[in-house]
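Reader: I'd like a close look at one part of this protein, the charged pairs between side chains. Could you walk me through them and then show me what sits around them?

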Amino acid sequence: AESFELDIVLVTNMFLSDRVAADRILDAAARRWRDLVPGLPANVVRLDGLMPATLTEAARGAELLVLGIETGFRMRSALSGWLPLRAAARSGAPTVLVPAGWAASDDPVTVGLDEDASSASALLFAARAAAAADVPLRILHSWLMGSSVLRGHASALPSTQRVAAEH
């Protein structure tokens, strides 16, 4: 079995955050971890700073960054939901975004694949997670189709089959 160290981290603003509420959030997260995985300890850390910079700095050198996200609330997503996405984009580690209310299922593990080697660690992690959960692995890859070409008064879109073959 692989060993690992888990840090449960909450980034707060030292001037604007309610420390009592922040501590309750961290305590609840630590309890949930202990209930899910008894016997595997976790470090509970509250960091004062700004998101996402404080979190991505704390995650430097991590093997994996797991972030909770709110979905289904447009205003909340617009105000705070983009922060986990920005942290994921800035992190040097493979990142998993877990929506609020997520529950384990038999759905496939899904991973995005880039055309260069930058996705190798994420692909390996996803393959191991799928095997461990005994679920399928879904690999996604996308690319831009390119812009249409203006010819006279008509616009011509590139053929999807040609673009796929060239890619």
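Author: Searching the whole structure, which is a predicted model, turns up 3 salt bridges. Side chains of opposite charge can pair when their charged atoms come close.

Let's start with Asp48 and Arg19. Their side chains meet in a salt bridge, with 3.2 Å from N to O. That pair connects distant parts of the chain, since Asp48 belongs to strand S2 and Arg19 to helix H1 (residues 19-36), and the two are 29 residues apart. How open is each partner? Asp48 has a relative accessible area of 35%, so it is partly exposed. Arg19 has 34%, so it is partly exposed as well.

Next come Asp23 and Arg46, whose side chains form a salt bridge with an N to O distance of 2.6 Å. Here Asp23 lies in helix H1 and Arg46 in strand S2, so this pair ties together parts that are 23 residues apart in sequence. Asp23 counts as partly exposed because its relative accessibility is 34%. Arg46 comes out at 29%, so it is partly exposed too. If you're clicking through the structure, H1 and S2 are the elements to keep on screen for this pair, just as they were for Asp48 and Arg19.

That leaves Glu57 and Arg60, which form a salt bridge whose closest N and O atoms are 2.6 Å apart. Glu57 is at 46% relative accessibility, so it counts as partly exposed. Arg60 has a relative accessible area of 62%, and because the cut-off for exposed is over 50%, Arg60 counts as exposed.

Now back to Asp48, which has another partner. Its side chain is joined to that of Thr12 by a polar contact of 2.9 Å. Thr12 sits in strand S1 (residues 6-12). Is Thr12 buried or exposed? It has 8% relative accessibility, so it counts as buried. So Asp48, itself partly exposed at 35%, meets Arg19 in a salt bridge and Thr12 in a polar contact.

Following the chain on from S2, look at the loop between strand S2 (42-48) and helix H2 (53-58), where you'll find Pro52. The peptide bond leading from Met51 into Pro52 is cis, with omega near 0°. Most residues other than glycine have a negative phi, and most peptide bonds are trans. Asp134 is worth a look on the phi side: it is not a glycine, yet it has a positive phi of about 55°. Asp134 is in the loop between H4 and S6, and at 72% relative accessibility it counts as exposed, because that is over the 50% cut-off.

While you're in that area, take a look at the strands on either side of H4. S5 and strand S6 (residues 137-140) run parallel and are joined by 4 bridges. The chain gets from S5 to S6 by way of H4, and this β-α-β crossover is right-handed. Within the pairing, Thr110 has Arg138 in S6 as its bridge partner, and Gly112 stands opposite Leu140 in S6.

There's also something to see on the surface here. Leu113, Leu137 and Ile139 make up a nonpolar patch with about 220 Å² of accessible area together. Leu113 comes from the loop between strand S5 (109-112) and helix H4 (120-133). Why does Leu113 count as partly exposed? Its relative accessibility is 32%, so it falls between the cut-offs of 20% and 50%.

To put these spots on the overall map, the protein has 5 helices and 8 strands. Starting at the N terminus, the elements run β-α-β-α-β-α-β-β-α-β-β-β-α. Buried residues account for 18% of the 167 residues, and Thr12, the polar-contact partner of Asp48, is one of the residues that count as buried, because its relative accessibility is 8%.

Key. Residues numbered from 1 in each chain as written. Predicted model: local features only at pLDDT ≥ 70, side-chain atom pairs only at ≥ 80, totals over all residues. Heavy atoms only, no water. Patch = residues over 30% accessible without salt bridge, like charges linked within 9 Å, V, L, I, M, F, W, Y side chains within 5 Å. Areas by Shrake-Rupley, 256 points an atom, 1.4 Å probe, with all protein chains shown as cover. Salt bridge = Lys/Arg side-chain N within 4 Å of Asp/Glu carboxyl O. Buried < 20%, exposed > 50% of the residue type's maximum accessible area, 1.4 Å probe, protein only. Pairing = 2+ DSSP bridges. Right-handed = clockwise from strand over helix to strand, strands pointing away. Polar contact = N/O pair within 3.5 Å; in protein donor to acceptor, adjacent residues only side chain to side chain.
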